[in-house]
Amino acid sequence: YARSGRTDVICMPSVLKDYNPISLCRTLKNHEYTAGIQILILSKNLGLEQRVRAIEAGCDDYVEMPVAMNELAARFNALIKKKERLDVLGSRLENAVNSPITDVLTGLYSYSYFRHYLDLEVKRSVRQSYLSSVLVVELKDFGRYTEIHGNETAEEIIRGISGLITSGIRAVDFPARLSVHKFGVIFPHTDRSDMIVVEERIKKSISAYIEGRSDVGNDISFRIGLAI
């Protein structure tokens, strides 16, 4: 539900039946689509160590119980206003950078923005001690294929393969077109075992797409590179 974009504030007690609230807070704050959600923890005798851990996890506010309703309402209103300001800033930033960061033909992110995002993701993964992965798909001899079959058919192939890559990844992953014949995807919070599954899925779908086109024949092959 949090990922749906309809959440402004989450209020949770310091003790939950099925979840550690601090761990849940950290999970929400570590994901791009839920990081802006404001989190208020209701606590009762929450010690200094736990309060520090909550702040480090990204908790936006906490209040000791019992609490007067007017104080709780004031804290909620402040968090809602903060979320509204974040939404406005995010919308302005998206409008400002959206056109130059995407590839016109495929709708994937551009090479320059891929490099920018990769730099941020590597720093974030080092700082927060989690694994991220990068997958690169390269079409071999694509220039020769274009000369034989023409630009229109070549662009159709590029769009088809970019669509297969996009459909084979998560919403939080970051697909880009790195050059005329090369694609890349950044996978946050993904280790080697997960990436082997993803790599095999993408490999099968691209192979089936190429083999299913009578105009391709043996003119196109591809290779996949992987880094964790």
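**Exercise 1. Work out how β5, β6 and β4 fit together.**

Start with β5 and β6: they run antiparallel and are joined by five bridges. Strands here are DSSP runs of E, at least two residues long, and helices are runs of H or I, at least four residues long, numbered from the N terminus. Two strands pair if DSSP finds at least two bridges between them.

Before going on, a word on the model: it is predicted, so local features need pLDDT of at least 70 and side-chain atom pairs count only at pLDDT 80 or more, while totals for chains, interfaces and linings use all residues. Residues are numbered from 1 along each chain as its sequence is written, and side-chain values use heavy atoms, with hydrogens and water left out.

Next step: find the link. A hairpin of two residues takes you from β5 to β6. For a landmark in this pair, look at A176, which stands opposite G184 in β6.

Now go to the other partner. β4 and β6 are antiparallel too, with six bridges, and here L135 sits opposite V185 of β6.

Last step: check how covered β6 is. Of the six residues in β6 (182-187), five are buried, where buried means under 20% relative accessible area, exposed over 50%, and partly exposed in between (1.4 Å probe, protein chains only).

**Exercise 2. Describe the surroundings of S133.**

First, place it: S133 belongs to strand β4 (residues 133-140). Then check exposure: its relative accessible area is 1%, so S133 is buried.

Now list what S133 touches, skipping residues up to four places away in sequence: V185, I186, F187, T190, D191, M195, A227 and I228. Touching, or contact, means heavy atoms within 4.5 Å. Finally, look at the side chain of S133, which reaches the backbone oxygen of T190 at 2.8 Å.

**Exercise 3. Lay out the three-stranded sheet.**

Begin with the order: this open sheet runs β1-β2-β3, with parallel pairing. β1 (9-13) and β3 (61-64) are at the edges with a single partner strand each, so one side of each has no neighbour in the sheet. From one strand to the next, the twist averages 20 degrees.

Then zoom in on one pair. β2 (residues 38-43) and β3 are parallel over four bridges, and S43 is opposite E64 in β3.

To finish, add the helix: α1 (residues 21-29) lies across β1 and β2, at about 160 degrees to β1. Axes are lines fitted to C-alpha atoms, for helices over the stretch in contact, and angles run from 0 to 180 degrees between N-to-C directions.

**Exercise 4. Track down the unusual backbone spots.**

Here's the background: most residues other than glycine have a negative phi, and most peptide bonds are trans.

Step one is the peptide bond from M65 to P66, which is cis, with omega near 0 degrees. P66 is in the loop between β3 and α3.

Step two is S129, in the loop between α4 and β4. S129 isn't a glycine, yet its phi is positive, at about 60 degrees. With 66% relative accessibility, S129 counts as exposed.

Step three is D141, in the loop between β4 and α5 (142-149). D141 also isn't a glycine, and its phi is positive at about 55 degrees. At 48% relative accessibility, D141 counts as partly exposed.

How values were computed. A polar contact is a pair of N or O atoms within 3.5 Å; within protein, one must be able to donate a hydrogen and the other to accept it, and residues adjacent in sequence count only if both atoms are side-chain atoms.
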